[in-house]
Amino acid sequence: LGLVGSEMCIRDSSRTLNYYYTLEGVLDNDTVMNAQACESLKDLLRKNVINSVDLKSYKEKGVSFSYYYYSKASGKVRFQVRFTPEDYDSNYSPDR
């Protein structure tokens, strides 16, 4: 009920680590995944990127992180967000 599996891949050309998830059941509807829920999810994901020890080596290289949540019913993207180094590192400089 809700979130089904995930995949991740890195795109070298955009220096972005992409995460893909599928929503099903109760989470796969507009009532639950409304603007407020999507904003809360965005905040939660950003905090996760900021605090994640597992992502440290990627963050040190200035990698961006994208999250895609697809509807199982329609196959369309229900929610997506991208965090750049400016979003997770207050000391980031593109000249690193």
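What follows is a short exchange about the predicted model shown above.

Biologist: What kind of model is this, and which pLDDT do side-chain atom pairs need?

Modeller: Residues are numbered from 1 along each chain as its sequence is written, and side-chain values use heavy atoms, without hydrogens and water. The model is predicted: totals for chains, interfaces and linings use all residues, local features need pLDDT of at least 70, and side-chain atom pairs count only at pLDDT 80 or more.

Biologist: Which pattern does the chain follow along the sequence?

Modeller: Helices (H or I, at least four residues) and strands (E, at least two) are DSSP runs, numbered from the N terminus. The chain has 3 helices and 4 strands. Read in order, the pattern is β-β-α-α-β-β-α.

Biologist: In which sense do β3 and strand β4 pair?

Modeller: Strands pair if DSSP finds at least two bridges between them. Strand β2 (residues 16-23) runs parallel to β3, over 8 bridges. Strand β4 (residues 77-83) meets β3 over 6 bridges, and the sense is antiparallel.

Biologist: Which residue in β4 is the bridge partner of Phe 65?

Modeller: Phe 65 sits in β3, where it is the bridge partner of Leu 17. In β4, the bridge partner of Phe 65 is Phe 83.

Biologist: How many residues of strand β3 are buried?

Modeller: Buried means under 20% relative accessible area, exposed over 50%, and partly exposed in between, with a 1.4 Å probe and protein chains only. Across the chain of 96 residues, 33% count as buried. For strand β3 (residues 64-71), the count is 7 of its 8 residues.

Biologist: Which elements each supply at least two residues of the largest nonpolar core?

Modeller: A nonpolar core is a set of buried Ala, Val, Leu, Ile, Met, Phe, Trp, Tyr and Cys residues joined through side-chain atoms within 4.5 Å. The largest has 18 residues, and Leu 45, Phe 65 and Phe 79 are among those with the most contacts inside it. The suppliers of at least two residues each are β2, α1 (35-51), β3 and β4.

Biologist: How far apart in sequence are the parts that Tyr 20 and Tyr 68 tie together?

Modeller: Rings of Phe, Tyr and Trp (its six-membered ring) pair if their centres lie within 6.5 Å; planes under 30 degrees apart are stacked, over 60 edge-to-face, the rest tilted. By this rule there are 7 aromatic pairs. Tyr 20 and Tyr 68 are stacked, 5.1 Å centre to centre with 15° between the planes. Tyr 20 lies in strand β2 and Tyr 68 in strand β3, so the parts tied together are apart in sequence by 48 residues.
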